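Biologist: I am new to this structure and would like a close look at a single part of it. Could you take me through how the cysteines are arranged, and then set that part beside its surroundings?

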Amino acid sequence: MHKINFKSANAVYIHLPFCSSKCPYCDFYSIKYTKKRVDQYWAALFMELEELSKKVKNNLIQTIYIGGGTPSLVDPILINELIKKIKSKFKLPPAAEITMEVNPASINEEKIIRLKRAGINRLSVGIQSFNDDHLSFLGRKSNSINSKKTLALIDYYFDNYSADLIFALPDQTLKEFENDLKTMLEFSPPHISLYNLEIHENTPFYQKYNSGELKLPAEELDADMYELALKNLTAAGYQHYEISNFSQPGYRAHHNYIYWLYQPYLALGPGASGFDGDCRYQNLKDLEQYIKYYNPKGLSFKEFNELQQKNSIIYLEKDKNNKIREIDCLSKKEKMAEYSFLALRTEKGLFYHKFYKKFDQKFRSIYKDEIKELKENKLIIEENERIHLTNRGKEVANEVFLKFLLE
């Protein structure tokens, strides 16, 4: 039976699976927010943190990322307790990046201030669009006026934050997307993430797409929107350092970079996925099962704290028939493939000497035919002992990545 074993864990990801309602395009695990569920979850989460921290030999981490779900629904007092708990188990540099996702519909000035006091030093705000029709289509509860107000507040209180936009929406015109970009640039956020709308299984959009009710824009328009973003954001001084991410100098997302550099990271909470360097694991997407596993007595967070202060918390042996996560240990070929396409997501691409150092294999020898084909199709550039994507390669990146999944 495979077990998780971390020599080090460079980052910690926490999944807070609570939403006021489910967006029809989202395939992340989430459930309806209630205070009682959050209360019991917090006790369970601290139990998992206690357990997993013991599996890490070197406890120095670089970043913390709190995602969801909609983490901004949770009381900042609990966020503060979580950050303190992580810091009690791991060492963080003084300037460690601590990010939390927020939704304009569940954030206000008071909560922004309280989150900063709780220890969050970077926010990631899901704007998605400034067009009210598109926001409605996406199931977002915010509107353009509120989104602008939220961005202005975050910009005032936080030096470091990121804002997301989604493009290539049904019936979206190039001009509408250009207006979204223009409005976003009026705030000049330190970091911007852009994602074209993807249709994921087990979502309402997937059902509509399969039935023909939902039609995506033509590939040409999708590509035109991406190229427009490259042009406008580059002209505004942003560095396009990863396929979907743009930053002003000094504001790259350190947490996500740990993923792209193929470094190990811990992940906690139902549905969260982690990587110890050899094995990937995913916790089951079931909050009730998660609470039953880590908090079988259904303790409230207050009760948990009282017992902890009395040193009365007993970490019981888990029922071996009650699995909490799936673990998949990778072969060397799988690791080489993952390392390759994650590196190619970044601006610098894949360096041959780094690949050799990690795998004791020559990249050119293993992927000789793939390199030749991708160069002929003008999807990658080979120079200075590395390869990186062309602009066209970035537009069809998933097709490029598939080339490295060896049989």
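Modeller: α1 and α2 are roughly parallel to each other, and I shall return to that pair of helices after the cysteines; please keep in mind throughout that this is a predicted model.

The structure holds one disulfide, and a disulfide is, in general terms, a covalent bond between the sulfur atoms of two cysteines. Here the bond is formed by cysteine 279 and cysteine 329, whose sulfur atoms lie 1.9 Å apart. This pair links distant parts of the chain, since cysteine 279 belongs to strand β15 (residues 279-283) while cysteine 329 belongs to strand β16 (residues 325-329), 50 residues apart. The torsion about the S-S bond of the two residues is about 90°, so the disulfide is right-handed. With a relative accessible area of 7%, cysteine 279 is buried, whereas cysteine 329, at 26%, is partly exposed.

Cysteine 19, by contrast, is in no disulfide, and the nearest cysteine sulfur to its own, that of cysteine 26, is 6.5 Å away. Cysteine 19 is buried, with a relative accessible area of 10%. Cysteine 26 is likewise in no disulfide, its nearest cysteine sulfur being that of cysteine 23, at 6.4 Å; cysteine 26 is buried as well, with a relative accessible area of 18%.

Turning to the helices, the axes of α1 (residues 35-53) and α2 (residues 76-89) come within 10 Å and cross at roughly 10°; because this angle is under 35 degrees, the two count as roughly parallel. On the α1 side the contact includes Val38, Trp42, Leu45 and Phe46, and on the α2 side it includes Leu78, Ile79, Leu82 and Ile86. By class, the contact has nine nonpolar, one polar and four charged residues. Lysine 35, which is found in α1, is exposed, with a relative accessible area of 67%, and its C-alpha is 9.3 Å from that of aspartate 75, although the two are 40 residues apart in sequence.

Finally, there is a pair of strands elsewhere in the chain: β11 (residues 239-242) and β12 (residues 245-247) pair in the antiparallel sense over three bridges. They form a hairpin with two residues between them, and the bridge partner of glutamate 242 is asparagine 245 in β12.

Technical notes
Residues are numbered from 1 along each chain as its sequence is written. This is a predicted model: local features need pLDDT of at least 70, side-chain atom pairs count only at pLDDT 80 or more; totals for chains, interfaces and linings use all residues. Side-chain values use heavy atoms; hydrogens and water are left out. Helices (H or I, at least four residues) and strands (E, at least two) are DSSP runs, numbered from the N terminus. Buried means under 20% relative accessible area, exposed over 50%, partly exposed in between (1.4 Å probe, protein chains only). Axes are lines fitted to C-alpha atoms, for helices over the stretch in contact, and angles run from 0 to 180 degrees between N-to-C directions. Angles under 35 degrees count as roughly parallel, over 145 as roughly antiparallel, 65 to 115 as roughly perpendicular and the rest as oblique. Contact means heavy atoms within 4.5 Å. Ala, Val, Leu, Ile, Met, Phe, Trp, Tyr, Cys and Pro count as nonpolar, Asp, Glu, Lys and Arg as charged, and the others, Gly among them, as polar. Two strands pair if DSSP finds at least two bridges between them. A disulfide is a pair of cysteine sulfur atoms within 2.5 Å.
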